[in-house]
Amino acid sequence: MKIAVCVKRVPDSEARIKIGADKTSIDEGGVKFVLNPYDEYAVEEALKLKEAAGSGEVVIVSVGSEAAQETIRTALAMGADKGVLLKADSVGLDPLPVARALAAELKDGGYDLVLFGKLASDDYSHAVGVMVAELLELPCASAVTKLEIADGKGRAEREIEGGVEVVEFALPAVVTADKGLNEPRYPALRGIMMAKKKPLEVKDAALDAGGIEVVQLTLPAERKEGRIVGEGADAVPALVDALRNEAKVL
Amino acid sequence: MANVIAVLEQRDGTLKRVSHEVLTAARTLADAMGGEVHALVIGPSGVSGDGLGDYGADKVFVAADDALALYQSDRYAATAAEIVQGGDYGVVILSATAMGKDLAPRLAARLGCSLATDVTAIQYDGGVVVTRPAYAGKAVYTLKLTGAPSVVSLRPNAVAPQEKAKAGSVEAASAASGPARSTTAEVKQPDSAALDVAEASVVVSGGRGLKEAEHFKLIEDLAAAVGGAVGASRAVVDAGWRSHAEQVGQTGKTVSPSLYFAVGISGAIQHLAGIRTAKVIVAINKDADAPIFKVADYGIVGDLFEIVPRLTEEIKKVKEG
């Protein structure tokens, strides 16, 4: 099985976000960057499928700056075989140009399966994986929590409001991973050492400008300081009264 | 002038409540743009587009086909794309539900246009301007969408539905027959009465302070009393007490209910980011210094095992009285 996993370098979820001097992006100073957490599920699933098949190849593909090489190496350390960086100095907020660059790279790669995280924890778009499937005219199941692949066919489960949708498709296909799909492994020291020697090809990505202009990036409005209504169960009537008569939400 | 088209969502042939939110946003936008609001309903035969005029739809397309009772991604996308391409539309708007999150990028790819997902506000200011949280709610983008059309998905609960009477004339539309690359075979454990945390207007979330999975009964009882959905912190989901579908915060769901209860949740930065757009937050925690009290509108410090049952009782009294 030949599997591609598309990944993104994002700020760590613990990072405090500060707005940059340009007021349209974050201040990256002091921010630790990691492999997007949802992409970890995608990498893990690819490795499990390859292991189950007994042979195959897992290729990591990323659109990003030079620094994204480190992110690709993280996935290689988990066990993927090789990486491709589609280098772009800046990646905009419109998901379609990114999807086009990835689709062009993946198109003739002979992949049986292309995996993504369901979203990147920076822009939260939840778009690029599905768009790549559309551009390549491949079947796609997004935000998947369970995946079975057998005999050239796939069966995926995705959580919807009040239920679980079961989607069936034939390979090749695109699947985007949600939390719950698996437990991603940690790169072992040996994996980290081996990753340094694995092939990582760097190409220039041609990203078109897209149709989204960032007017500004701001910190969310601070919530107004609330108040402690009281201590213990005796404070409950005062809380209910405040919710009814002051906040008017009951 | 360009019109706005709202692609609506049905379950079991009945339109979802979020459809009125999407129509309201579409109406506001169309009024500013000087255009009409069209709605598209895709579903099984018998699905109705009646009554959408009350929420501002000038025209309603209904594409009915029994094979489209469940969300079939390829045919839904093909049907919507055909109708959008057949009209003069500046904006296509959907709700950012599980379906909308999948359908919106499909549409944008088919239309070759820009996409802004999970927006919390949309307006027209010589161009379409949206606000959308990013970095799990730790920052907010203001974006101008320069292409036409643009596809936008709207976060559930971000816009309050408003009635505005328009013609709402219903027109049958053909469902695209094109190839289906994938098939939604079934929806398991369907419980159409169950409220999803992302859509509910009241959410009651529990955290590690509950000490054991069994104690979530307290949370379920309070949620039932207020007519809300049950949510959970990452800690208890990772511990296997609750399903990921209920997780609120980064790597879970971002919610905007009118009322949010955080019970036994200290308030990690990832959780706080996910509830920032809630209108009223109530915190119940034994630790007066817990970060959750910094963002809560109302707090009670103390033993949740005493406070929550009392709260459930008091709320029941209020609701009954």
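Strands here are DSSP runs of E, at least two residues long, and helices are runs of H or I of at least four residues, both numbered from the N terminus. The structure is a predicted model. The predictor assigns the complex an ipTM of 0.95 and a pTM of 0.92. For chain B the average pLDDT is 94, and 98% of the residues score at least 70.

**Exercise 1. Locate the cis peptide bond that precedes Pro172(A), and the one that precedes Pro149(B).**

Solution.
- Step 1: In chain A, the bond from Leu171(A) to Pro172(A) is cis, and its omega is near 0°.
- Step 2: Pro172(A) belongs to the loop that links β9 (163-170) to β10 (173-177) of chain A.
- Step 3: In chain B, the cis bond lies between Ala148(B) and Pro149(B), with omega about -5°.
- Step 4: Pro149(B) sits in the loop between β10 and β11 (150-154) of chain B.

**Exercise 2. Describe the open sheet of seven strands in chain B, and identify the strands at its edges.**

Solution.
- Step 1: The strands follow the order β7-β11-β6-β1-β4-β5-β12 in chain B, and they pair in parallel.
- Step 2: β7 (114-119) and β12 (169-172) of chain B each have a single partner strand; they are therefore the edges, and one side of each has no neighbour in the sheet.
- Step 3: On average, and ignoring direction, neighbouring strands of this sheet are turned by 20° against each other.
- Step 4: Within the sheet, β1 (residues 3-8) and β6 (residues 89-95) of chain B run parallel and are joined by four bridges. One pair of bridge partners is Ala6(B) with Ile93(B) of β6(B).
- Step 5: Helix α2 (residues 73-85) of chain B packs on this sheet, where it touches β1, β4 (37-43), β5 (59-64) and β6 of chain B. The direction of α2(B) makes about 155° with that of β4(B).

**Exercise 3. Compare the expected span of α2(B) with the distance between its end C-alpha atoms, and establish how many of its residues are buried.**

Solution.
- Step 1: α2(B) has 13 residues, so at 1.5 Å a residue it should span 18 Å.
- Step 2: The end C-alpha atoms of α2(B) are 18 Å apart, in agreement with that expectation.
- Step 3: A residue is taken as buried when 20 or more other C-beta atoms lie within 10 Å of its own. Eleven of the 13 residues of α2(B) are buried, and the helix is thus mostly covered.
- Step 4: Among the buried residues of α2(B) are Tyr76(B), Ile83(B) and Val84(B).

**Exercise 4. Characterise the side of chain B that touches chain A, and trace the strand pairing between the chains.**

Solution.
- Step 1: The contact involves 78 residues of chain B and 73 residues of chain A.
- Step 2: Helix α3 (residues 98-111) of chain B gives the most to its side of the contact, namely nine residues.
- Step 3: By residue type, this side of chain B comprises 38 nonpolar, 21 polar and 19 charged residues.
- Step 4: Strand β12 (residues 212-218) of chain A runs antiparallel to β10 (residues 139-145) of chain B, and six bridges join them. Here Ile212(A) stands opposite Leu145(B).
- Step 5: An open sheet of six strands also takes in both chains, in the order β13(A)-β18(B)-β17(B)-β16(B)-β14(B)-β15(B), with parallel pairing.
- Step 6: The edges of this sheet are β13 (227-231) of chain A and β15 (229-232) of chain B; each has a single partner strand, so one side of each lacks a neighbour in the sheet.
- Step 7: Four bridges pair β13(A) with β18 (residues 298-301) of chain B in the parallel sense, and Ile228(A) has Gly299(B) as its bridge partner.
- Step 8: Helix α6 (residues 236-246) of chain A packs on the sheet against β13 of chain A and against β17 (280-285) and β18 of chain B, at about 150° to the direction of β13(A).
- Step 9: Helix α4 (residues 216-226) of chain B lies across β14 (202-206), β15 and β16 (259-263) of chain B, and runs at about 170° to β14(B).

**Exercise 5. Lys248(A) and Ala136(B) both have positive phi; decide whether each is buried or exposed.**

Solution.
- Step 1: Lys248(A), which is not a glycine, has a phi of about 55° and is found in the segment after α6 of chain A.
- Step 2: Lys248(A) has 10 C-beta neighbours inside 10 Å and therefore counts as exposed.
- Step 3: Ala136(B) has a phi near 55° and is placed in the loop between β9 (128-134) and β10 of chain B.
- Step 4: Ala136(B) has 24 C-beta neighbours inside 10 Å and therefore counts as buried.

Note on methods
Residues are numbered from 1 along each chain as its sequence is written. Chains are lettered from A and ligands numbered from 1 in the order in which they are written. This is a predicted model: local features need pLDDT of at least 70, side-chain atom pairs count only at pLDDT 80 or more; totals for chains, interfaces and linings use all residues. Two strands pair if DSSP finds at least two bridges between them. Axes are lines fitted to C-alpha atoms, for helices over the stretch in contact, and angles run from 0 to 180 degrees between N-to-C directions. Two residues are in contact if their C-beta atoms, placed from the backbone, lie within 7 Å. pLDDT is the predictor's confidence in each residue, from 0 to 100. Ala, Val, Leu, Ile, Met, Phe, Trp, Tyr, Cys and Pro count as nonpolar, Asp, Glu, Lys and Arg as charged, and the others, Gly among them, as polar. The expected span of a helix is 1.5 Å times one less than its number of residues. A residue is buried if 20 or more other C-beta atoms lie within 10 Å of its own, exposed if 12 or fewer, and partly exposed in between; C-beta atoms are placed from the backbone.
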